[in-house]
Amino acid sequence: MPKEYIMTASGKRELEERLEHIKMVEMPAVVEEIAKARAQGDLSENAEYTIAREEQAKLQEEIDNINEKLSNAKILEESDIDDDVVSIGCMVDVIEADVVDGMEETVYAGLTRTDIIEGFLTKMSVIDMRFNRNGLDILKDLTDDDYKAAGAELLASKRYTKDQLLDKGFAEADLDVKVKGKGKVKIDKQKCAGLRSYTIVGSHEADALNGKISNESRVGSALMGKEEGAVVMVGDLLFKVVGIVIDKKSLKK
């Protein structure tokens with residue numbers, strides 16, 4: 001059974017435009033180069049001919065690959081996408097923090113890797129790290145509202161009792177915040193220097209330089225299925241999901 005290629009409407013357009021450009025521009029140019037090389041006579045030591053034929057083979061292989069993807073494409077419709085969780089076709093906002101950088105900055109402050117990860121979620125470690133003489137940059141990316149949400153999450157997950165969280169520096173009001181649904185804390189994105197936005201796409205549409213990451217990539221697969229407020233770790237990077245919306249621009253036909 002042929003592989004199904006899930007793609008957005010814009011991804012399909014890009015493939016069609018690339019196919020058209022190969023057929024109408026690149027392939028005719030290569031064919032012309034081959035004809036010129038043939039006109040020189042002996043082809044056994046004709047480097048121009050060999051290079052042109054290799055380029056022709058590469059272009060034909062790309063044409064075949066594009067045709068296969070278009071023939072087996074499943075185009076995402078807005079109704080197919082569940083924006084309650086990270087999924088293909090969604091744009092996800094994350095606050096990104098590098099634990100390795102944090103470790104380098106806090107080695108003389110007596111903080112451990114565990115402290116940094118815990119500091120991403122709890123206010124006691126945050127206070128400690130914010131006042132260390134090295135100034136931990138990754139924590140400046142998070143707002144006070146992030147820690148209110150983190151306190152509610154920790155309480156709801158039963159990782160800590162309310163008294164333990166109060167001892168960690170949370171206020172009563174912080175722990176009254178709901179984790180999901182009504183009362184969910186809104187993140188002040190203007191204050192989040194570590195904020196990144198990624199559109200989750202199928203592997204063939206991935207373009208990291210333009211913020212499109214594959215659902216099969218390490219970061220993409222870790223984020224898939226996560227709700228707002230979730231925190232995931234990929235290698236030494238921490239990601240906190242702060243927003244999920246359907247990328248309607250990419251779905252336009």
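Is threonine 199 buried or exposed? Let's work towards that residue by way of the whole model, starting with how far the model can be trusted.

What you're looking at is a predicted model. Across the protein the mean pLDDT is 80, with 78% of the residues at 70 or more. That confidence isn't spread evenly: helix H10 (residues 218-223) has the highest mean, 93, while helix H6 (residues 137-140) has the lowest, 62. Where pLDDT is low, the predicted coordinates shouldn't be read in detail. So go easy on H6, with its mean of 62, as you look around.

Now for the overall picture. The protein has 253 residues, and 40% of them count as buried. Its elements are 11 helices and seven strands. If you take the contacts between residues with a separation of 6 or more, 64% of them link residues 24 or more positions apart. As for the outside, the accessible surface is about 14,400 Å², and carbon and sulfur atoms account for 51% of that.

Next, find the sheet. Five strands make up an open sheet, and if you walk across it you meet them in the order S5-S4-S3-S7-S6, with mixed pairing. Strand S5 (212-214) and S6 sit at the edges with a single partner strand each, so one side of each has no neighbour in the sheet. On average, neighbouring strands here are turned by 45 degrees against each other, ignoring direction.

Strand S3 is a good place to pause. Seven of its nine residues are buried, so S3 is largely enclosed by the rest of the structure. On one hand it runs antiparallel to S7, joined by nine bridges; aspartate 98, for instance, has leucine 237 in S7 as its bridge partner. On the other hand, five bridges tie S3 to S4, and this pair is antiparallel too. Moving on from there, S4 and S5 pair in the parallel sense over three bridges, and one of the matched pairs is isoleucine 200 with isoleucine 213 in S5.

The sheet also feeds into the packing inside the protein. In soluble globular proteins, nonpolar side chains tend to be buried together. Here, the largest nonpolar core holds 19 residues, and Val86, Val92, Val94, Leu223 and Val241 are the ones that touch the most other members. At least two residues each come from strand S3 (90-98), strand S4 (195-201), H10, strand S6 (231-234) and strand S7 (237-246). S7 gives the largest share, four residues. For a close-up, try valine 92: leaving out residues up to four places away in sequence, it touches residues including Val86, Tyr198, Ile200, Leu223, Val241 and Ile244. There's also a second, separate core of 14 residues, with Met7, Leu15, Leu59 and Ile63 among them.

That brings us back to threonine 199. You'll find this residue in strand S4, where it stands opposite methionine 91. Setting aside neighbours within four places in sequence, threonine 199 is in contact with Cys90, Met91, Gly211, Lys212, Ile213 and Asp247. And the answer to the opening question is that threonine 199 is buried: its relative accessible area is 7%, and buried means under 20%.

Conventions
Residues numbered from 1 in each chain as written. Heavy atoms only, no water. pLDDT = per-residue confidence, 0-100. Core = buried A, V, L, I, M, F, W, Y, C linked by side-chain atoms within 4.5 Å. Buried < 20%, exposed > 50% of the residue type's maximum accessible area, 1.4 Å probe, protein only. Contact = heavy atoms within 4.5 Å. Areas by Shrake-Rupley, 256 points an atom, 1.4 Å probe, with all protein chains shown as cover. Pairing = 2+ DSSP bridges. Axes fitted to C-alpha atoms, helices over the stretch in contact; angles between N-to-C directions.
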